[in-house]
Amino acid sequence: MKCLGTAIALAMALAFGTQAASAQMLAAVKERGELICGANGTLAGFGIPDPQGNWTGFDVDFCRAIAAAIFNDPTKVKFLPLTAKDRFTALQSGEIDVLSRNTTWTLSRDTSLGLDFAAITFYDGQGFMVRKALKVSSALELNDASVCVQQGTTSELNLADYFRSNHMGLKTVTFATGEDAVKAYESGRCDAYTTDSSGLYGERLHLADPSQHVVLPEIISKEPLSAVVRHGDDQWTDIVRWTHFVMVDAEELGVSKANVNEKLKSDDPETRRLLGVEGQYGEPLGLTNDWAYRVIKHIGNYGESFERNVGQGSPLKIVRGLNALWTKGGLQYGPPIR
Amino acid sequence: MTEAIQGSVQGNPPRPARRFGSIALQIAIVVVIGVLAYGAITNVVQNLARAHIASGFGFWNNTAGFDISQTLIAYSASTSSFGRAFWVGLLNTLLVAGIGIVLATVLGFVVGIAKLSRNWLVARLAGGYVELIRNVPLLLQLLFWYNAVLKSLPLLRGSVTLPGGGILNNRGLFLPRPQWGPHFGIVVVALIVGLLAAAVLRRLARRRRERTGEDLRIFWPLLGLVVGLPLAAFVLTGFPLSFSVPQAGRFNVSGGVEILPELGALVLALTIYTAAFIAEVVRAGVLAVSAGQIEAAQALGLRSGAMLRLVVLPQAMRVIIPPLTSQYLNLIKNSSLAVAVGYPDLVQVFAGTVLNITGQSVETIALTMAVYLAMSLFIALLMSLYGRATAIAER
């Protein structure tokens, strides 16, 4: 099993190797010539290969943004599909450089795994999907229902908490992958399927008849989805973190993929600092000063990536909601570039 | 070297100097391995601490927080610990392994002997079964049985009600849960007494047969002891048994004993797969019995059933038991494929969910491997004891 393989690799590395020193991630990635990114592989809108085999998705685009910042080429990324079970082991053992796989930031994951959560790219929450035929309009009516869930996720824990605090009986059926869980839900093995709300919309698209299924209105938890890196290399963490922030700042300043070349000639001091026309904001990160320009030119700003992958320009049609800019009532806020 | 060999052939031990050298070398190798292992373990602990990855078994008593779909002991998401989840997973694995071993042995023996039958159709069917099942990977067979089992069962709306109050649908098989009355202990005691008495009776009958050749028909007395005695106790203590019948609700069936379709699919797949291998092992054992034995048995006038039971199988067991042990161990290890169908066995619960929640992959995987090792060594020990107990004393 893949998880056992990566766990044994981790054990071997820990037993007979010494820990890599800090501030070497960027050098290692540049030497390798490509970024290795942990992705989902089966989640529509976030990380999935298209029929031609090219990786697409919101989390995928984030990794491509990091690659654009380093190499000025968003295709210099290798994607490794990971299940919920082996994603952290793969990152801990050094198999991947960054994990961009709809991973929720929690206290225990931040403190006891030796990992850092660089930036919240998507504010999400957990929901339920049921068949319309059950005539259920609220999650509170699911007393004694069977619920399919993916093993080892925060969804599994939140599910138990929610049903317990509402004094409802619960039968959980857990599966190793989200795909198996959805298949079991579709076959009628369980009444409801639960995962992050964004994932529900994505999985619904893959069902035989999406119109027969409805997502219930309740959001039962906070799921801040974040990119994850290893402890110990602050420069690498900064690169990942600020890649997200420049994309948010670019949307705030009105810089997009289409107009980024014109914006190079702009008089606005913030835009000039963002695109590297003024200031030396790339060198402390080990990158060129126009690294943010590279990100916007190849990937676009946060809003463009959102709409293209999971928003109105995609089959999922998720509204910005909490992921709107802070100026529009959402939570996406980029610290100033200065 | 030649002297040592000649010496041991004649019954003399090798010369003292040689023996000392050999012992010293073995001690040195053990010490080197011990030092390497100790160094590796301390290195792991140090590296984990330096990378700020939590290590040790401190997580054992933390609240689990997740639900398990089949628990043979009391377990609750809010109050049970990860340690309790470990025991739940372990018991589920033992359940699957136990049922699988028993059923696979029975089916394997039947198919193995059927393959040796003189009936052409029976032999070919058994041969076809063995060839097909042995050559398809177990994971594929398991997924096949899971989907076949699930797809053929009705949805909750169309549940089949079985005579006796059971309910069958694709959530599982729900049987009436027995509830023990006050004097049920007496029935259990009667059952134990009956089993012991039956064992004694079999021993006496066998000794009589070996002494005088008279084959006592003890089937009905045995049955009377094992079944009749507890039954009599049951009647005399006033039928201390009632059943709580499962009820179908809006989403699920409540009450009653629940048998998950995942368990059914796993047992089915493991049984059918391992039985194919056991069939070949049994066939090899039977063929290993020398032809002279069979001819002698036929000359004595034994029919094929009695010949099989009294002459062939006891001698065949010597050849069957070691590979049979291997097949049992394979079955126990293959039960970890429960991950693929969502059955909460040890690997799924502990080396899956608990590993992901706590992030401590080294400890959980190491403990899971140690548990499988302990189970396998235990089965191997039992089988070797059985083999020694039933071995034919050679002259």
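Q: With its count of C-beta neighbours inside 10 Å, does N102(A) rank as buried or exposed?
A: In this predicted model, N102(A) has 28 C-beta neighbours inside 10 Å and therefore counts as buried, since the threshold for that class is 20 or more. The residue belongs to strand β5 (residues 98-104) of chain A.

Q: What is the sign of phi at N102(A)?
A: The general idea is that most residues other than glycine have a negative phi. N102(A) has a positive phi, near 35°, although the residue is not a glycine.

Q: Which value does phi take at H167(A), and where in chain A is H167(A) found?
A: Phi of H167(A) is likewise positive, near 55°, again in a residue other than glycine, and H167(A) sits in the loop that joins α6 (154-165) to β9 (170-175) of chain A. H167(A) has 7 other C-beta atoms within 10 Å and so is exposed, whereas N102(A), in strand β5 of chain A, is buried.

Q: How should one read the crossing of helix α8 and helix α10 of chain B, and at what angle do their axes cross?
A: Two packed helices are described by the angle between their axes and the distance between the axes. For α8 (residues 261-288) and α10 (residues 304-334) of chain B, the axes come within 8 Å and cross at roughly 155°. That angle makes α8(B) roughly antiparallel to α10(B), because angles over 145 degrees are placed in that class. The crossing of α8(B) past α10(B) is right-handed.

Q: Which residues of α8(B) and α10(B) meet, and how do they divide by class?
A: The residues that α8(B) brings to the contact include L270(B), F277(B), I278(B) and V281(B), and among those on the α10(B) side are V312(B), I320(B), P323(B) and Q327(B). By class, this contact comprises 16 nonpolar and five polar residues, with no charged ones.

Q: How many residues take part where chain B is in contact with chain A, and which elements of chain B supply them?
A: On chain B, 38 residues are in contact with 42 residues of chain A. Within chain B, α2 (16-50), α5 (138-152), α11 (346-358) and α12 (361-389) each contribute at least two residues to the side that touches chain A. That side of chain B holds 17 nonpolar, 17 polar and four charged residues.

Q: Where in chain B is confidence lowest, and where is it highest?
A: Where pLDDT is low, the predicted coordinates should not be read in detail. Helix α1 (residues 2-9) of chain B has the lowest confidence in that chain, at a mean of 52, and helix α4 (residues 120-134) has the highest, at 96. Chain B averages a pLDDT of 87, with 95% of the residues scoring at least 70, and for the complex the predictor gives an ipTM of 0.73 and a pTM of 0.79.

How values were computed. Residues numbered from 1 in each chain as written. Chains lettered and ligands numbered in written order. Predicted model: local features only at pLDDT ≥ 70, side-chain atom pairs only at ≥ 80, totals over all residues. Contact = placed C-beta atoms within 7 Å. Helix = DSSP H or I, 4+ residues; strand = E, 2+ residues; numbered from the N terminus. Nonpolar A, V, L, I, M, F, W, Y, C, P; charged D, E, K, R; others polar. Buried ≥ 20, exposed ≤ 12 C-beta atoms within 10 Å, placed from the backbone. Axes fitted to C-alpha atoms, helices over the stretch in contact; angles between N-to-C directions. Parallel < 35°, antiparallel > 145°, perpendicular 65-115°, else oblique. Left-handed = near helix turned anticlockwise from the far one by under 90°. pLDDT = per-residue confidence, 0-100.
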